[in-house]
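Q: Please choose one part of this structure, take me through it slowly, and explain each term when it comes up. I am a first-year student, so longer explanations are welcome.

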Amino acid sequence: MKIVNPRSYLPWLLLVLVLPLLLLTNKTQASNGIVSPRWRQDNLPSQSCGSHSDCHRASPVIADITGDGRNDIVIATSNGHVMAFQDGGSSGSLLWDVDIAGPFGMSGNSHEINSSPAVADIDGDGQMEIVIGAGTINSSKCTQGGVIVLEHNGQVKSGWPFRTRDEAVAPLGCTDTVYSTPALGDLDQDGDMEIVFGSFDKGLYALHHNGSLVAGFPITSAHHSRFGWDILVGRVADTIWSSPALADLDQDGYLDIVIGTDEGYFGNSYPGGSLNWSCPYVLPAGWASDYCGGSLYAVDRFGKLLPGFPRYMLETIQSSPRLMT
């Protein structure tokens with residue numbers, strides 16, 4: 001099996017993904033042609049990322065969380081803070097700042113967020129909630145991974161956070177990271193939203209708005225029917241970095257789930273293979289022989305595979321799918 005690659009070779013690329021950034025610029029340009037910002041926020045809670053002293057990987061989300069008809073801005077920092085800023089006026093005033101370390105049972109300013117926030121009224125109460133994954137991409141650092149939901153005012157929603165399992169990524173004693181940005185949608189059409197995400201613990205999860213598991217989740221690997229390995233029940237064969245996308249693929253009136261995974265294919269040297277599969281490159285030391293690649297999963301609201309899935313390819317899929325309907 002592959003072990004998690006913390007993507008230490010990509011920090012320079014991830015730096016461009018978000019914070020601190022210039023927010024909401026004026027239409028008026030300065031004399032030198034550079035667009036001047038309406039406002040900016042510096043000195044956000046952060047921790048070092050390799051040789052960089054201040055970096056954030058989560059993308060901001062724009063939504064009206066106050067219900068005043070004007071958009072606000074929600075961000076997540078590398079130091080485990082979720083922050084909301086009010087766009088109204090010229091200052092970008094801070095609405096609230098929540099350190100999620102405490103709710104996860106950790107000391108202050110010790111957590112890490114790499115997932116981007118998702119915002120919606122998940123429980124149908126007329127007010128927005130903020131949903132975000134938590135955990136580190138540093139396999140030598142212990143954080144308690146999972147998903148947390150905040151109310152529109154920054155309070156932790158009752159029943160949260162949800163912790164993943166401690167099984168796939170070092171160090172021991174730490175539930176595994178959710179790098180995936182949660183997707184929000186009404187899978188069962190009962191009037192409220194479910195929360196879908198992937199995890200480093202190899203789980204594709206769907207949760208009700210109260211934090212309870214949707215029946216059929218986390219899903220079981222497609223390889224289970226081939227090998228019968230119990231270790232594949234309730235998990236795929238490798239980690240998940242990708243964020244899910246939701247759409248009605250089979251036109252049955254219900255949302256389906258599409259997500260990329262690090263789960264590869266076991267080649268022809270293993271019994272029961274249906275693909276003419278052979279790894280064309282030298283595998284790293286410690287990997288299972290003739291096992292490589294990644295996969296695209298598509299499942300229904302019950303966690304059952306849609307026909308034709310998963311689709312295997314020779315590289316992992318850590319990007320997020322986009323569905324056109």
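A: What follows begins with how far to trust the model, then looks closely at the disulfides, and ends with one pair of residues.

The structure is a predicted model, in which local features need a pLDDT of at least 70 and side-chain atom pairs count only at pLDDT 80 or more, while totals for chains, interfaces and linings use all residues. Residues are numbered from 1 along each chain as its sequence is written, and side-chain values use heavy atoms, with hydrogens and water left out.

The pLDDT, which is the predictor's confidence in each residue on a scale from 0 to 100, averages 88 over the chain, and 85% of the residues score at least 70. Residues 1–28 have a pLDDT below 50, although this stretch has 68 contacts in the model beyond near neighbours in sequence, a contact being heavy atoms within 4.5 Å. Where pLDDT is low, the predicted coordinates should not be read in detail.

We can now turn to the disulfides. A disulfide here is a pair of cysteine sulfur atoms within 2.5 Å, and a search of the whole structure finds two of them.

One disulfide joins C142 to C174, with 1.8 Å between the sulfur atoms. The torsion about the S-S bond of C142 and C174 is about -120°, so this disulfide is left-handed. C142 belongs to the loop between β8 and β9, and C174 to the loop between β10 (162–163) and β11 (183–185), so the pair ties together parts that are 32 residues apart in sequence. The β labels refer to strands, which are DSSP runs of E with at least two residues, just as helices are runs of H or I with at least four, and both are numbered from the N terminus.

The two partners can also be described by their exposure, where buried means under 20% relative accessible area, exposed means over 50%, and partly exposed lies in between, using a 1.4 Å probe and protein chains only. C142 is partly exposed, with a relative accessible area of 39%, whereas C174 counts as buried at 3%.

In the other disulfide, C279 and C292 are joined, with their sulfur atoms 2.2 Å apart. Its torsion about the S-S bond is about -110°, so the disulfide of C279 and C292 is left-handed. This pair links distant parts of the chain, since C279 sits in the loop between β16 (265–266) and β17 (291–292) and C292 in strand β17, 13 residues apart. Both C279 and C292 are buried.

To finish, consider two residues that are separated along the chain. E194 and R301 are 107 residues apart in sequence, while in space they are 10.0 Å apart from C-alpha to C-alpha. E194 is found in strand β12, residues 194–198, and counts as buried at 1% relative accessibility. R301 occupies the loop between β18 (294–299) and β19 (311–313), and with a relative accessible area of 18% R301 is buried too.

Residues up to four places away in sequence are not counted for the contacts of E194, which include A183, L184, L187, H208 and V214. With neighbours within four places likewise set aside, R301 is in contact with L187, V214, A215, F217, D252, Y254 and L255. L187 and V214 therefore appear among the contacts of E194 and of R301 alike.
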